[in-house]
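Visitor: Hi, could you walk me through this one? I'm new to reading structures.
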Amino acid sequence: MLFRSNTKIWQFTSRNGILEVKESESAELKMNINGLSAIIYGGHSIDDFQFKGWAEMNDMQKQKLITLFPNKTPTLYEQF
């Protein structure tokens with residue numbers, strides 16, 4: 001999956017459950033830093049990204065993101 005995020009373009013791939021990230025020349029979708037942070041943290045529904053202005057994507061791209069970043073409950077290590 002190729003992302004354009006702020007000023008650079010990044011390629012995200014998964015190999016044996018490990019996320020690999022490297023710079024790229026072209027993008028499949030556009031996502032701002034808010035969307036990138038939200039998808040990595042995992043606390044937001046990808047369905048809300050376009051509504052919030054965090055990303056521009058079609059249904060096929062959305063499905064790829066769900067596969068790369070399945071929605072999980074965040075684990076907090078600090079007590080509040």
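Guide: Sure, let's start with helix α3, residues 59-68, where the buried residues are Gln61, Lys62 and Leu65. Buried means under 20% relative accessible area and exposed means over 50%, with partly exposed in between (1.4 Å probe, protein chains only). This is a predicted model, where local features need pLDDT of at least 70, side-chain atom pairs count only at pLDDT 80 or more, and totals for chains, interfaces and linings use all residues. Residues are numbered from 1 along each chain as its sequence is written, and side-chain values use heavy atoms, leaving out hydrogens and water.

Visitor: Why do the buried residues of α3 line one face of the helix?
Guide: Seen down the axis of α3, they fall within an arc of 100°, so they line one face. That arc is taken from the directions from the helix axis to the C-beta atoms.

Visitor: And which exposed residues sit on the face turned away?
Guide: Asp59, Met60 and Thr67.

Visitor: OK, zooming out: how many helices and strands are there?
Guide: The chain has 3 helices and 5 strands, running β-β-β-β-α-α-β-α from the N terminus. Both are DSSP runs numbered from the N terminus: helices are H or I with at least four residues, strands are E with at least two.

Visitor: How much of the chain is buried?
Guide: Buried residues make up 29% of the 80 residues.

Visitor: What size of box do the C-alpha atoms fill?
Guide: Roughly 40 × 30 × 25 Å, along the principal axes.
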